[in-house]
Amino acid sequence: MSGNRLQKLILVDPNGALCVAWREAFAAWAEVEVVSGYFEHLEAYDCLVSAANSFGLMDGGVDLAIKRYFGAELEVRVQTYILEHYLGEQPVGTSFIIGTGHERYPFVAHTPTMRVPMTIGRTDYVYVAMWAMLLAVRQHNLGGGRPIEVVACPGLGTATGGMEVTEAARQMSLAYGHFRRPPTYIDWRYADRRQGVVG
């Protein structure tokens, strides 16, 4: 795929049930690794996904862990970007790449799964967040700078969002499959089929 330099996806989370669901949902993709644990223990990746809220408030869950790992200045840069590019509220279904200042782990993909902490179990927010993140990585790689070849991604919507782990894994896998196998044409049959599988 033109501009797609993504070589590996690491799905990392301490939730054992989620890891089991991931292994089943992503079984067809050899380049996807499932790690039961914490992102802080990963040896190598280019971009870490922040399963965020729309306002860049990194004060809970994996966002807080990311801020602690990379420093409070990351939250300031994230919020500045949201103020400048989204007028203070980044919509669910968008994602942007921002530098961490860390040589080994240079990027974070700020990717809201919800506007504010809330239950999203009966939505497609995990799919649209995963899709937006993958497109943001692709767009970044089209820019010609330091490429993102390995992405580390925690569970999306499975903690505060309350989405059941098999459904979250299904939505994440579906977005990844659409990314890896893009269409060559668009018509209403294709659109209806895509909507049908997203649900």
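Which residues are buried in H5? I put this to the predicted model before turning to Tyr-38 and the pockets.

**Entry 1. Helix H5**

I located H5 at residues 165-180, a helix of 16 residues. From its first C-alpha to its last I read 22 Å, close to the 22 Å expected at 1.5 Å a residue. I then listed the buried positions of H5: Val-165, Ala-168, Ala-169, Gln-171, Met-172, Ser-173, Leu-174, Ala-175, Tyr-176, Gly-177, His-178 and Phe-179. Twelve of the 16 residues are thus buried, so H5 is largely enclosed by the rest of the structure.

I next looked up what covers these buried residues of H5. The cover includes three strands, E1 (8-13), E2 (32-36) and E6 (150-153). It also includes the helices H1 (16-25), H4 (125-142) and H6 (188-198).

**Entry 2. Tyr-38**

I found Tyr-38 in the loop between E2 and strand E3 (47-53). Is Tyr-38 buried or exposed? Its relative accessible area is 48%, and because buried means under 20% and exposed over 50%, I recorded Tyr-38 as partly exposed.

Leaving aside residues up to four places away in sequence, I noted that Tyr-38 touches Val-12 and Pro-14. I also checked Tyr-38 against Val-150: the two are 112 residues apart in sequence, and their C-alpha atoms are 16 Å apart in space.

**Entry 3. The largest pocket**

I read about 600 Å³ of space in the largest pocket. Its lining has 32 residues, of which Ala-51, Gly-60, Gly-61, Val-62 and Asp-63 are the closest to its centre. The elements that contribute two or more residues to this lining are E1, E3, helix H2 (61-70) and strand E5 (107-114). By class, I entered 17 nonpolar, ten polar and five charged residues for the lining of the largest pocket.

**Entry 4. The second largest pocket**

For the second largest pocket I noted a volume of about 170 Å³. The residues that line it are Gly-177, His-178, Arg-181, Pro-182, Pro-183, Thr-184, Tyr-185, Tyr-190, Arg-193, Arg-194 and Val-197. H5 and H6 are the elements that give two or more residues to this lining.

Which element gives the largest share of the lining of the second largest pocket? I found that it is H6, with four residues. The classes in this lining are five nonpolar, three polar and three charged residues.

I returned to H5 to close the entry. Gly-177 and His-178 are buried in H5, and Gly-177 and His-178 also line the second largest pocket. H6, for its part, is included in what covers the buried residues of H5.

Note on methods:
Residues are numbered from 1 along each chain as its sequence is written. This is a predicted model: local features need pLDDT of at least 70, side-chain atom pairs count only at pLDDT 80 or more; totals for chains, interfaces and linings use all residues. Side-chain values use heavy atoms; hydrogens and water are left out. The expected span of a helix is 1.5 Å times one less than its number of residues. Buried means under 20% relative accessible area, exposed over 50%, partly exposed in between (1.4 Å probe, protein chains only). Contact means heavy atoms within 4.5 Å. On a 1 Å grid over the protein atoms alone, a cavity is a set of points where a 1.4 Å probe fits but cannot get out, and a pocket is an open set with protein on both sides within 12 Å along at least five of seven lines; lining residues have an atom within 4 Å of a point. Grid points are joined across faces, edges and corners, and a volume is the space filled by probe spheres set on the points. Ala, Val, Leu, Ile, Met, Phe, Trp, Tyr, Cys and Pro count as nonpolar, Asp, Glu, Lys and Arg as charged, and the others, Gly among them, as polar.
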